[in-house]
Amino acid sequence: MQHKTSVAVIGAGHAGIEAALASARLGIDTVLFTLSLDALANMPCNPSIGGTGKGHLVFEIDALGGEMGRAADAVTLQSRTLNLGKGAAVHSKRIQADRRRYQHIMKHTLELTPNLRLIQAEIVDLTVENIDGVRRISSVTTRLGEVWQCDCAIICTGTYLESKIFVGHTNYESGPDSICSARGLTAALAREDVALMRFKTGTPARVKRSTIDFSVLEEQPGEPCPIPYCADTPEDAFDNVPQLSCHIVYTNAETHRIIRENIGRSAMYSGQIHGTGPRYCPSIEDKVVRFADKERHQLFVEPMGENNEEMYIQGFSTSLPTDVQYDMLHSLPGFEHAEIMRYAYAIEYDCCDPTQLCATLEFKAIKGLYGAGQFNGTSGYEEAAAQGLIAGINAALSLLGKPPLTLPRSSSYIGTLIDDLITKGTNEPYRMMTSRSEYRLLLRQDNADVRLTPRGREVGLISDERYTKFTQKCALIEQETYRLEHTHLSPDAVNAFLVERGETPVSSGVSLADLIRRPGLSYEDIAPLDAARPSLPRAVKLTVGINIKYEGYIRREQAEVARHLKLESFRLPADVDYSSIRGLRIEAAQKLAKFRPETIGQASRISGVNPADISVLLIYFGKK
C-alpha cells in the first residue's frame with residue numbers, strides 16, 4: 001500500500017512525541033510511528049523528570065511551546081529543587097513522576113492533536129533519492145510492507161535500534177521492558193552512508209514496596225509549594241497537596257564483597273558488552289571497581305507511581321545475573337526480605353554520530369532527514385524531548401518555507417546541547433549538566449520563558465493567551481525591580497534589622513535593592529522592611545531577587561555573549577576547500593572539512609581547531 005504524509009516521525013518516545021506535536025501544531029500533516037502504542041512515552045529507566053541541568057531543559061521545552069513540562073506537572077508525585085545550597089544558576093527542579101499516568105496523558109494528547117496520526121508500525125527501511133544533485137528523503141517503509149511517501153522524516157528510535165539485553169551471561173534481542181527490538185533500519189541507514197555508533201545503558205531492579213522496611217531508611221520528603229514546570233499550570237497547583245516521600249539507603253562492605261566476588265559474571269566485565277556506557281550514570285559494579293576506596297554508595301528508593309507497588313532503586317543499575325542481584329539487594333539495610341518484581345539489565349543499541357547533523361538537527365548529507373534523542377547519542381528523557389522539539393519545529397518550518405529555528409549556546413541549554421553534539425560529537429551517551437554551559441548565570445531555569453518564549457511565539461507554538469500572560473509577567477518583573485531600586489530607607493529604619501542579622505549597619509540611606517545585593521540577605525529576608533511590597537506571583541519574586549543579587553555578574557556574562565555573537569553571526573560557505581587556505585594547519589583543515597561548521601563560532605569549538613586557525617579563517621573570509 002502507498003501512503004503520503006509530510007512528516008514521518010519514527011519512534012514515539014520523548015523525542016518522537018515532541019517532534020510530532022510540534023510539526024502537527026504548526027499545521028503540517030504528520031504521522032508518528034511506534035513499535036507499540038503501549039510503550040509510548042515510556043520511562044524504562046528512572047521514573048522522574050528533571051534534575052541537575054535537565055530541569056532547565058524542561059523549563060526551556062515549555063517556554064518554546066513543548067509538552068513535557070505540562071504532562072510532568074499533571075503526574076507529579078514529589079517535587080524538589082536540587083542544589084539549593086549553591087548559587088541560583090545551578091538550582092534545578094526534579095519531580096518524581098507517576099510513570100503510567102504520564103504515558104496515558106501523552107497518548108491521549110497525541111490522539112486529540114489535529115494533523116497528527118498515531119500508528120503502531122515498525123519502520124524498517126527508508127528511500128533517499130538524488131534530485132538535481134541533492135540527496136533527499138522520499139519515503140519510509142514499514143515491516144508490513146506499507147510505503148509512506150514523505151517530505152521529511154525524523155528518526156527518534158531511542159534505545160530500540162538493533163537493541164540487545166544483557167543479564168549476566170544471558171543476552172537476547174529486545175528493547176526496554178520486553179518490547180521488541182527495532183531491526184532493519186540500521187542496515188538502511190548504513191546503506192545511505194550514515195555513520196553509526198554502538199552505545200550502552202542500563203537500569204536497576206524494581207522492588208516490591210511492601211517487602212521493604214522503610215523504618216530504617218532515611219526519608220527524603222518533597223518541598224512545599226514548588227513552582228510548576230509549565231507556565232499554564234496554576235502556580236499554587238501543588239500547595240497543600242500531599243507528596244510521596246523518597247528514601248535513601250547506602251551500600252556497605254557486604255554489598256561490595258558480593259559484587260567483587262561475582263564481577264566476572266557481569267556482562268560488562270565478561271566482555272559481552274561492546275557499546276560505550278554513560279560516564280555519569282555507571283552501573284553499581286562499575287562504581288565499586290572504579291571507586292574501590294569508597295566504603296559506600298548512596299542509593300535512592302523512589303516510587304514508580306501512586307497506585308503501583310514497584311520501587312525504583314536509583315544508583316543500583318547492574319548487568320549481574322539474577323542470583324547476584326538478590327544477594328546484593330538483601331545486603332542493604334531494610335531490604336533483607338525485599339522481592340524483585342523486574343530484574344536489572346544492561347542494553348546495547350545503535351545510534352548515529354551527531355557531527356553529521358546541522359544545528360537544525362537535519363542531516364547535512366540527506367535533505368529532509370532529521371535525528372533526535374538517544375539516536376543522536378544522548379541519554380535522558382529531557383535531552384531527547386528537547387531535541388525532538390527542535391527537529392519537529394525545523395522540519396515543519398522547512399516545509400512552510402520559513403527560516404529555521406537555531407538556538408545559540410548563549411540562549412539556552414537546548415542550544416548548548418545541540419552545539420556540543422554537532423561540533424564536538426560524543427563517544428559516550430551525552431548527559432546535560434549545568435557545567436556544560438559557559439553562561440550558567442544567564443541560563444537559569446527561572447528565566448527560561450524570558451529567554452525563549454518570544455522564539456516560541458515567532459515559530460507559532462505559543463498562543464495569544466499565553467503570550468499575553470508572559471508579557472504581563474515581564475512587566476511585573478520590570479516594575480518590581482524599578483521599585484526596589486528607587487525605594488530608599490534611612491539608617492534609623494534599617495540598622496536595627498541589619499545588626500540583628502549580623503550585617504554591617506549603614507551610615508546613609510540605602511535602597512531595598514542594595515540590601516538584596518548583600519550576600520547574607522535575599523528578597524524574602526527584607527520583607528519586614530518593605531511595608532509597601534505588592535502581592536506578586538512566586539515566579540516573579542524569584543526572578544526579581546536573582547536579577548538584583550547577581551546584577552554585576554549577569555552584566556559581565558552578557559558582555560561575554562556579545563563578543564561571542566560576532567563569531568556566531570559570521571557564516572561559513574558550505575563548499576569551501578579548507579585545504580587550499582594558506583596558514584591553516586593540516587589538522588584544522590581536516591577537522592573543518594569533516595565537520596563543515598556553519599559559523600566561525602562553531603568552528604572555534606571543534607577539537608583540533610585552535611585560536612590561530614580561527615584568526616586565519618577570519619582574515620581569509622573577511623577579505624572575501
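# Reading the labels in a predicted model

Q: Why is Glu382 called buried?
A: In this predicted model, Glu382 has a relative accessibility of 3%. The label needs a value under 20%, so Glu382 counts as buried.

Q: Where is Glu382 found, and which residues does it touch?
A: Glu382 belongs to helix α9, residues 381-400. Not counting residues up to four places away in sequence, Glu382 touches Ser48, Ile49, Gly50, Lys54, Leu57, Val58, Ile61 and Met68.

Q: What makes the pair of Glu382 and Lys54 a polar contact?
A: Their side chains come to 3.5 Å. The cut-off for a pair of N or O atoms is within 3.5 Å, with one atom able to donate a hydrogen and the other to accept it, so the pair is listed as a polar contact.

Q: How do you know that the length of α9 agrees with its number of residues?
A: Its 20 residues, at 1.5 Å each, should span 28 Å. The expected span uses one less than the number of residues. The end C-alpha atoms of α9 are 28 Å apart, so expectation and model agree.

Q: Why is α9 described as largely enclosed?
A: Because 17 of its 20 residues are buried, α9 is largely enclosed by the rest of the structure. Just beyond this helix comes Gly401, with a positive phi near 70°.

Q: What makes α2 largely enclosed as well?
A: Here the count is eleven of eleven residues buried, so the rest of the structure largely encloses α2. Among them are Lys54, Leu57, Val58 and Ile61. Directly after α2, Gly65 has a positive phi of about 105°.

Q: How do α2 and α11 meet, and with which handedness do they cross?
A: Their axes come within 7 Å and cross at roughly 35°. The crossing is right-handed. From α2, the residues involved are Phe59, Glu60, Ala63 and Leu64; they meet Ala448, Asp449, Arg451, Leu452, Thr453, Arg455 and Gly456 of α11. By type, the residues of this contact are five nonpolar, two polar and four charged.

Q: How do you know that the span of α12 agrees with what is expected?
A: Helix α12 covers residues 464-486, and its 23 residues at 1.5 Å each should span 33 Å. Its end C-alpha atoms are 33 Å apart, so the two agree.

Q: Which residues of α12 are buried, and what covers them?
A: The buried ones are Arg466, Phe470, Lys473, Ile477, Glu480, Arg483 and Leu484. The cover includes α2, α3, α11, β24, α14 and α15.

Q: Why is Glu67 called buried?
A: Glu67 has 5% relative accessibility, and buried means under 20%, so the label applies. Glu67 is in the loop between α2 and α3. Leaving aside neighbours within four places in sequence, its contacts are Glu18, Leu21, Arg25, Ile61, Met106 and Thr109. Glu67 and Thr109 are 42 residues apart in sequence, while their C-alpha atoms are 9.1 Å apart in space.

Q: Is Ser178 buried or exposed, and how do you know?
A: Its relative accessible area is 65%. Exposed requires over 50%, so Ser178 is exposed. This residue is in the loop between β13 and α5.

Q: What makes the phi of Ser178 worth pointing out?
A: Most residues other than glycine have a negative phi. Ser178 is not a glycine, yet its phi is positive, about 65°. Leu361 is another non-glycine residue with a positive phi, about 75°.

Q: Is Leu361 buried or exposed, and how do you know?
A: With a relative accessible area of 0%, Leu361 is buried. Leu361 sits in the loop between β21 and β22.

Q: Why is Thr599 called buried?
A: The relative accessible area of Thr599 is 5%, which falls under the 20% cut-off, so Thr599 is buried. It lies in the loop between α17 and α18, where its side chain reaches the backbone nitrogen of Gln602 at 3.1 Å. Beyond four places in sequence, Thr599 is in contact with Leu567, Glu568, Phe570, Arg571 and Leu572.

Q: Why is Asn610 called partly exposed?
A: A relative accessible area of 26% is in between the 20% and 50% cut-offs, so Asn610 is partly exposed. Asn610 is in the loop between α18 and α19. Its side chain reaches the backbone nitrogen of Ala612 at 3.0 Å.

Methods
Residues are numbered from 1 along each chain as its sequence is written. This is a predicted model: local features need pLDDT of at least 70, side-chain atom pairs count only at pLDDT 80 or more; totals for chains, interfaces and linings use all residues. Side-chain values use heavy atoms; hydrogens and water are left out. Helices (H or I, at least four residues) and strands (E, at least two) are DSSP runs, numbered from the N terminus. Buried means under 20% relative accessible area, exposed over 50%, partly exposed in between (1.4 Å probe, protein chains only). Contact means heavy atoms within 4.5 Å. Axes are lines fitted to C-alpha atoms, for helices over the stretch in contact, and angles run from 0 to 180 degrees between N-to-C directions. A crossing is left-handed if the near helix is turned anticlockwise from the far one by less than a right angle, and right-handed if clockwise. Ala, Val, Leu, Ile, Met, Phe, Trp, Tyr, Cys and Pro count as nonpolar, Asp, Glu, Lys and Arg as charged, and the others, Gly among them, as polar.
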